[in-house]
Amino acid sequence: MANFAGAKVLVVDDVADNRDLLARRLRRHHLVVVEADHGRRAIEQMELQSFDLVLLDIMMPEMNGYEVLAYLKSHPNLHRVPVVVISALHDLASIVRCVELGAEDYLFKPISPVLLEARVSACLEKKRLRDQEQTFLLALQDEQARSDRLLHNILPASIVDRLKRGSGRIADSFPRATVLFADIVGFSELSAGMPPEELVTLLSEVFSAFDGLVERHGLEKIKTIGDAYMVVGGVPLPSPDDAAAIAELALDMQEVIAHLPAAGSCALKLRIGVHSGPVVAGVIGTKKFSYDLWGDTVNLASRMESHGVPGRIQVTEATGKRLAARYALEERGPIQVKGQGTVYTYFLNGRIASR
């Protein structure tokens, strides 16, 4: 048993001579032995410290071996500890009962040193393999959880669930959604003179704040492209309040950007565009997944941003109609939009105070 030096064994027997004999034989093999003179003392010891093996007598006062076995195998933290019953009872019923209660082995008294060494070695090896298996399973669970967290960072939760269930190509049509594009005004010129570390730090600070707002309002961030930020409401889970949620996000984003310190000599400003309408959404890629949107609604929302005004939130008439009852809108009127012709637009100025 040299390979198990330092393993801890609990010897449970109400007869001191029996405990002493077993303890001396085990210590010769450099095992750590703790003794208990009855079942309740054994339970107390196991709740105070961990053991690699228990050698357990059956006939004991206060709490017999059957009761100890039943308690250990029902305990969430102790049921994996192997137990070898060592008893003077030679009847088959006792052996069967102990095995049914979870004992690893059953040895008769008096026991030979050779048989004791063989059975103890076998149980300690099983315990070591079980511990290694448990360690591996925990590491596997941690890795799976880490992979899930990474996947949830790039895909909506409902889409992750569908992928894990083995769904094929994911592509869905949504008859009503609201898309927002935001861009930091003049960022390309501003970043030209910034060290790379400062540029990344600034974008990280801005977009991390935006990410928190997106989560708060129950929306879905689609992607960032450079200093542009894209969000959708009503996808992948339809919502009757997708336009209002996007409006709240846009107003909060303007407030966040207004409170950020100036970059160099320039105060940061956002140009935001919003449009509501049908979209198609789906997952593309096989190694690097991407959840994206397509359709005229996406294109027009992007045009609302690029044809917008620094520091303002521009929305189309379709979105404006859905916001008019709760939000202050300012008519901008018709504008010419490439690929779209004349589009009637509004500026979203804020919330209408409730009376």
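**Buried faces, cores and a surface patch**

Let me begin with helix α10, residues 296-306, whose buried residues are T297, V298, L300, A301, M304 and E305; buried means under 20% relative accessible area, exposed over 50%, and partly exposed in between, with a 1.4 Å probe and protein chains only. Seen down the axis of α10, these buried residues fall within an arc of 170 degrees, so they line one face of the helix, the arc being that of the directions from the helix axis to the C-beta atoms. Helices (H or I, at least four residues) and strands (E, at least two) are DSSP runs, numbered from the N terminus.

I should say that this is a predicted model, in which local features need pLDDT of at least 70, side-chain atom pairs count only at pLDDT 80 or more, and totals for chains, interfaces and linings use all residues. Residues are numbered from 1 along each chain as its sequence is written, and side-chain values use heavy atoms, leaving out hydrogens and water.

Now to the interior. The largest nonpolar core has 37 residues, of which L180, V206, F210, M253 and I272 touch the most other members; such a core is a set of buried Ala, Val, Leu, Ile, Met, Phe, Trp, Tyr and Cys residues joined through side-chain atoms within 4.5 Å. Its largest share, ten residues, comes from α9. Another core lies apart from it, with 24 residues, among them I43, Y66, V81 and V83.

Finally, what about L137? This residue lies in helix α5, residues 113-154, and at 35% relative accessibility L137 counts as partly exposed.
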